[in-house]
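Trainee: Could you walk me through this protein model? I'd like to learn how to read it piece by piece.

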Amino acid sequence: MHEPFEISRDIITDQPVLMVKLTDALGVSGYAETAGVDYAGETTESMAAQIAAIAPKLHDGLSYGELMQLLPAGGARNGVDCALWDLRAKQTGIPVWKAAGLASLKPVSTALTLGLGDEATTRRKARDARGYPLLKLKVDAQRHLDIVRLVREEHPTARLVVDANQSWTLDLLKALLPQLHAAGVELVEQPLPQGLDSQLDGLQSPIPLAADESCTDRASLPSLMGRYQYINIKLDKCGGLSEGLALAAEARQRGMGLMVGNMCGSSLAMAPAFLLAQQCTYVDLDGPLLQKSDRAVPMRYENDVIQAPDTALWG
């Protein structure tokens with residue numbers, strides 16, 4: 001990372017990732033990257049072990065549906081699934097976006113995430129982020145309204161999303177919502193711990209709530225209805241682009257809004273998520289902006305605007 005990145009549950013200085021390569025009988029290869037879900041206990045070692053265990057069952061005719069039976073939702077399946085999409089694109093010459101049924105790929109605008117920090121650090125980050133119209137602010141149970149105030153003072157025109165990463169109680173959420181609304185915050189992400197979503201029943205929130213940790217894949221949706229207005233889709237959580245597209249479709253059918261996020265990582269991890277971003281109201285694909293190094297063929301960022309990935313990278 002360019003500097004330590006702090007959220008409510010930890011501070012990271014680097015992001016371990018697993019790179020997946022699938023090669024067919026003719027020597028054509030597809031690539032992907034996965035960081036996994038750290039709060040679920042996933043590591044690069046655990047994901048590599050999962051993939052090694054199902055390696056004998058991989059074959060040139062592997063389908064996405066078959067893969068979803070071999071691996072559960074999570075980082076390991078994300079790596080294999082996205083590498084399979086890349087491999088099929090290289091085998092057929094049909095780009096992934098077209099194979100996925102999209103009409104085209106358009107540039108998208110990403111939020112820039114500001115990690116937790118002291119006042120001086122928060123002010124500096126907000127000033128440096130004046131080229132970004134949408135900011136996502138990491139908060140915790142002690143630092144919340146003050147973070148919003150400091151950022152507002154340094155970047156008055158910014159649109160703001162607040163991400164508590166499960167660190168609030170229902171009482172704290174109720175106390176903060178009117179003030180966050182008055183400050184112009186337009187989305188609150190994962191305020192309560194995963195598993196306590198039922199506490200949101202009957203809450204009349206003036207700000208839409210987004211489920212992140214509480215939303216894994218399509219199986220999560222029934223428990224989120226009436227409690228959250230948005231879901232944050234991350235390929236590492238749901239298990240790849242195949243499930244991500246299906247999750248987005250079902251969520252939209254249920255009337256939920258869409259956000260696409262990331263677990264940090266390089267442009268190789270952002271590229272498949274860029275396809276999902278085409279249909280999302282909120283896009284948070286800023287991982288490469290927070291890190292010192294990237295792939296040889298990176299995604300192109302012009303402040304907040306991300307261009308479609310080059311096929312030399314993925315897809």
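Mentor: Sure, let's go through cavities, a helix, cysteines and salt bridges in turn.
This is a predicted model, so to speak: local features need pLDDT of at least 70, side-chain atom pairs count only at pLDDT 80 or more, and totals for chains, interfaces and linings use all residues. Residues are numbered from 1 along each chain as its sequence is written, and side-chain values use heavy atoms, with hydrogens and water left out.

Trainee: Which element gives the largest share of the lining of the largest cavity?
Mentor: A cavity is a set of points, on a 1 Å grid over the protein atoms alone, where a 1.4 Å probe fits but cannot get out; lining residues have an atom within 4 Å of a point. The largest cavity holds about 130 Å³ of space, a volume being the space filled by probe spheres set on the points, which are joined across faces, edges and corners. Helices here are DSSP runs (H or I, at least four residues) and strands are too (E, at least two), numbered from the N terminus. With five residues, the largest share of that lining comes from α11.

Trainee: How many of the residues of α11 are buried?
Mentor: Buried means under 20% relative accessible area, exposed over 50%, and partly exposed in between (1.4 Å probe, protein chains only). The buried residues of α11 include Ser267, Pro272 and Ala277. The helix α11 is largely enclosed by the rest of the structure, because the buried count is 11 of the 11.

Trainee: Which elements give two or more residues to the lining of the second largest cavity?
Mentor: The second largest cavity has a volume of about 30 Å³. Its lining residues are Leu114, Gly115, Thr122, Lys125, Leu137, Ile147 and Val151. The elements you're after are α5 (119-128) and α6 (145-154).

Trainee: How many disulfides does the structure hold?
Mentor: A disulfide is a pair of cysteine sulfur atoms within 2.5 Å. The sulfur of cysteine 215 is 8.3 Å from the closest cysteine sulfur, in cysteine 238, which is too far for a bond. For the whole structure, the number of disulfides is zero.

Trainee: Is valine 283 buried or exposed?
Mentor: Valine 283 sits in strand β13 (residues 282-283). Counting contacts as heavy atoms within 4.5 Å, and leaving out residues up to four places away in sequence, valine 283 touches Val108, Ser109, Thr110, Ala111, Val260 and Ala277. Its relative accessibility is 5%, so valine 283 counts as buried.

Trainee: Which residue does glutamate 189 meet in a salt bridge?
Mentor: A salt bridge is a side-chain nitrogen of Lys or Arg within 4 Å of a carboxyl oxygen of Asp or Glu. For glutamate 189, the N to O distance is 3.0 Å and the partner is lysine 136. That pair links distant parts of the chain, with glutamate 189 in strand β9 (residues 185-189) and its partner, 53 residues apart, in strand β7 (residues 134-138). Glutamate 189 is buried at 0% relative accessibility, and at 2% so is lysine 136.

Trainee: Why are arginine 149 and glutamate 153 separated by about one helical turn?
Mentor: These two form a salt bridge, with the closest N and O atoms 3.3 Å apart. Arginine 149 is partly exposed at 41% relative accessibility, and glutamate 153 is partly exposed at 43%. The turn follows because they are four residues apart in helix α6.

Conventions
1 Å grid on protein atoms, 1.4 Å probe; cavity = no way out; pocket = protein on both sides within 12 Å on 5 of 7 lines; lining within 4 Å.
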